[in-house]
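Here are a few exercises to work through with the model open in your viewer. Try each task before you read its solution.

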Amino acid sequence: SLPGLPWLARLHAAGNLTVAIVASEADRSRQGWLARIEQAAALGLGLDAPHPNAHDDVYDALPALTAAIETERLAHRLEIVAPDGRSLYLNRLDTQGAWVDPPRAAARLVEYRERPLDGPALADAALRWITLGVRLSANATIPRALVARTLAWGDDAAHRARLDARAAQRL
């Protein structure tokens, strides 16, 4: 059983449930996760050090959870949304409890995540990693394992950017 399914089932049983999932490529999602950790530390919130793989474990499980929401009909309405707010996918249950359109939420989520990024987007991701890596490295309240993971993710992004002529030019 996927984490979160029993909770969704209880919410669904209680009434009209809409689930919105933000689709994002791994770099942008990881950067957001780390920025929220940095923000919590800056606010002095008691922070249990998250495992460096915590983000990727959840990120990797999201397509299966999304598919389960449709298969088990755990929402009355399911939407996949791009980070800029565009709707990428929308489905809802009809009055008989069947999906109006064939279920494709998990496939649409994966398609969006795996779309090729252009040179400027690759360069921007690498530059965001550099900035985040510098900030987190200088912050003694951030667990060192997360800093190391941040720097490794940044190295990976820089490598991908250098393989693209337009991205390499921007770096």
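**Exercise 1. Find which residues of helix 4 (residues 105–114) are buried, and work out how they are arranged around the helix.**

Solution. Keep in mind that this is a predicted model.
- Step 1: pick out the residues of helix 4 with under 20% relative accessible area. You should end up with A105, A106, L109, Y112 and R113.
- Step 2: look down the axis of helix 4. Those buried residues fall within an arc of 130°, so they line one face of the helix.
- Step 3: see what that set of residues packs against. The partners are strand 1 (18–22), helix 3, strand 2 (77–81) and strand 3 (87–92).

**Exercise 2. Describe the largest nonpolar core and say which elements build it.**

Solution.
- Step 1: count its members and look for the best-connected ones. The core has 18 residues, and V19, I21, A23, I69, L78, I80 and L88 have the most contacts inside it.
- Step 2: assign the core to elements. Strand 1, helix 3, strand 2, strand 3 and helix 4 give two or more residues each, and helix 4 has the largest share, with three.
- Step 3: zoom in on L88. Skip its neighbours within four places in sequence, and L88 is in contact with A23, I80, V81, A82, R108 and Y112.
- Step 4: don't stop at one core. A second, separate core has 17 residues, including I37, W129, L136 and A161.

**Exercise 3. Characterise the largest pocket: its volume, its lining and the helices behind it.**

Solution.
- Step 1: get the volume, which is about 220 Å³.
- Step 2: list the lining, namely R28, S29, G32, W33, R36, A54, H55, V58, Y59, L62 and R113. R113 also turns up among the buried residues of helix 4.
- Step 3: sort that lining by class, which gives five nonpolar, three polar and three charged residues.
- Step 4: map the lining onto helices. Helix 2 (26–42) and helix 3 (54–71) each supply at least two residues.

**Exercise 4. Decide whether D57 is buried or exposed, then place it relative to R115.**

Solution.
- Step 1: locate D57, which sits in helix 3.
- Step 2: check its accessibility. The relative accessible area of D57 is 53% and the cut-off for exposed is over 50%, so D57 is exposed.
- Step 3: go to R115, 58 residues away along the chain; the two C-alpha atoms are 21 Å apart.

**Exercise 5. Sum up the whole fold.**

Solution.
- Step 1: tally the elements, and you get seven helices and three strands.
- Step 2: read them along the sequence as α-β-α-α-β-β-α-α-α-α.
- Step 3: take burial overall, where 37% of the 171 residues count as buried.

Conventions. Residues numbered from 1 in each chain as written. Predicted model: local features only at pLDDT ≥ 70, side-chain atom pairs only at ≥ 80, totals over all residues. Heavy atoms only, no water. 1 Å grid on protein atoms, 1.4 Å probe; cavity = no way out; pocket = protein on both sides within 12 Å on 5 of 7 lines; lining within 4 Å. Points joined across faces, edges and corners; volume = space filled by probe spheres on them. Helix = DSSP H or I, 4+ residues; strand = E, 2+ residues; numbered from the N terminus. Nonpolar A, V, L, I, M, F, W, Y, C, P; charged D, E, K, R; others polar. Buried < 20%, exposed > 50% of the residue type's maximum accessible area, 1.4 Å probe, protein only. Arc of directions from axis to C-beta. Contact = heavy atoms within 4.5 Å. Core = buried A, V, L, I, M, F, W, Y, C linked by side-chain atoms within 4.5 Å.
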